[in-house]
Every structure is written in structure tokens, then in C-alpha cells.
Amino acid sequence: MSYTTTIKAGQVNNLTNARFFASYQVDWIGFDMDPLSTHTLNPDAAQEIMNWLVLDNLMGEFANRSVEEILHLAQLLNLRGAQVPYEVPTAALKRAHLTVIKTLALDMPVLPMALDTNHIDFLLVEPGKQEWSALDAHTQRTVQDWTEDVPVLLSVPPEQ
């Protein structure tokens, strides 16, 4: 059996980090576009950073945004992908030819026992403060079932 790993550098919000990850040829560079995040980039700042990069693997990390806002920003910034929370419907994003990552945080108060894995390319499972071994067997099996349908993405946040 052969395994491949896809690496996405996340929460990039400055040119230094963007160029660092570009030099290591990570598969994706994610720019935080969550208006409630402390790492967020406004579209002008994101565009300024992206203008220095000659890459096709740029994506927006969209939480607290509607599908319409995501589509607008993806087109405005010429993004190739979108990372969204698990509850965001993704069919319109796939129709716009975006690579879609759905994020699931294991430290949520209640994990969804069903996850729509249609219209997504990767599942980003974020452990948060929850250790995998501390999860109950049913939750572990549920997450494993999802990973049989969709590749899991490894996300590397920048040093703060």
C-alpha cells in the first residue's frame, strides 16, 4: 500500500510566512479569511501578499462566511481552493472549480455523527485539545469511516 501526504500551511497572514512555505513547496498555502479571527487578512492585504507569490496553490480559510461571500472572495483573489467548517454546504464551491477542504474539530462539544463527504476533496481533522486516545470508540470509528471516503489533510500552522 502506498501513502501520500498533502501538506497545507495554514493561517498565513504575512509575506514572510507565505514565502517561507512557498520555498518548501507545500501543497497548499491557506490565508485566513475569517472576519472573527485574530489572524484574518482583508482582501487588499491578501492580494498584496499573493502578488509576490507565483503559485497556483493558494486557498482561503473561510469560517463565519456565507457561501456567496466565499465565492466572491475566491474569484476576487483568484484562489484555487476553499477551506470551510464541516457544516458549510460545498456543492456551489465545487461547481466553481475550487478544491474544497472541510474542517472538523475533534474538540467540539458534540461531533456530527454524519458528515456529507460529497463535493469535498479533503477532510481536515483538527485535534484541538482533545487527544485521539481520549475519544470514545464510536467517535474514533466514525472519523475513520469518513477518512475512507475522503483523503485527510495535514495542516501546519505558522509559528506565532
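In the predicted model, the face of helix H3 that is turned away from its buried side carries the exposed residues Glu-68 and Gln-75. The opposite character belongs to Val-67, Ile-70, Leu-73 and Ala-74, which are the buried residues of this helix, itself spanning residues 67-76. Viewed down the axis of H3, these buried residues fall within an arc of 130 degrees, and they therefore line one face of the helix. The packing partners of the buried residues of H3 are helix H2 (43-51), strand S4 (81-85) and helix H4 (91-95). Just after H3, the backbone at Asn-78 adopts a positive phi of about 55 degrees.

Helix H3 is part of a protein with 5 helices and 7 strands, whose elements, followed from the N terminus, run in the order β-α-β-α-β-α-β-α-β-β-α-β. The chain comprises 160 residues, of which 44% count as buried. When contacts between residues at least 6 apart in sequence are considered, 49% of them join residues that are at least 24 apart. The accessible surface of the protein comes to about 9200 Å², and carbon and sulfur atoms account for 51% of this area.

The structure holds 4 salt bridges. One of them is formed by Lys-8 with Glu-61, where the closest N and O atoms are 2.6 Å apart. Because Lys-8 lies in strand S1 (residues 7-12) and Glu-61 in strand S3, this pair ties together parts of the protein that are 53 residues apart in sequence. Lys-8 has a relative accessibility of 1% and counts as buried, since it falls under the 20% limit for that class. Glu-61 is likewise buried, with a relative accessible area of 8%, which is also under 20%.

The surroundings of Glu-61, a residue of strand S3 (residues 58-61), can be described further. Leaving aside residues up to four places away in sequence, Glu-61 touches Lys-8, Ala-9, Gly-10 and Gln-11, together with Gly-30, Phe-31, Asp-32, Met-33 and Asp-34, and also Gln-83. Lys-8, the salt-bridge partner of Glu-61, is thus among the residues that Glu-61 touches.

Another salt bridge joins the side chains of Asp-121 and Lys-94, with an N to O distance of 2.8 Å. Asp-121 is located in the loop between strand S5 (99-105) and strand S6 (122-126), whereas Lys-94 belongs to helix H4, so that the pair ties together parts that are 27 residues apart in sequence. Asp-121 counts as partly exposed at 25% relative accessibility, and Lys-94 is partly exposed as well, with a relative accessible area of 27%. Helix H4, in which Lys-94 lies, is also one of the elements against which the buried residues of H3 pack.

A further salt bridge is found where the side chains of Arg-65 and Glu-69 meet, the N to O distance being 3.9 Å. For Glu-69, the relative accessible area is 35%, and this residue is partly exposed.

Terms used: Residues numbered from 1 in each chain as written. Predicted model: local features only at pLDDT ≥ 70, side-chain atom pairs only at ≥ 80, totals over all residues. Heavy atoms only, no water. Helix = DSSP H or I, 4+ residues; strand = E, 2+ residues; numbered from the N terminus. Contact = heavy atoms within 4.5 Å. Buried < 20%, exposed > 50% of the residue type's maximum accessible area, 1.4 Å probe, protein only. Arc of directions from axis to C-beta. Areas by Shrake-Rupley, 256 points an atom, 1.4 Å probe, with all protein chains shown as cover.
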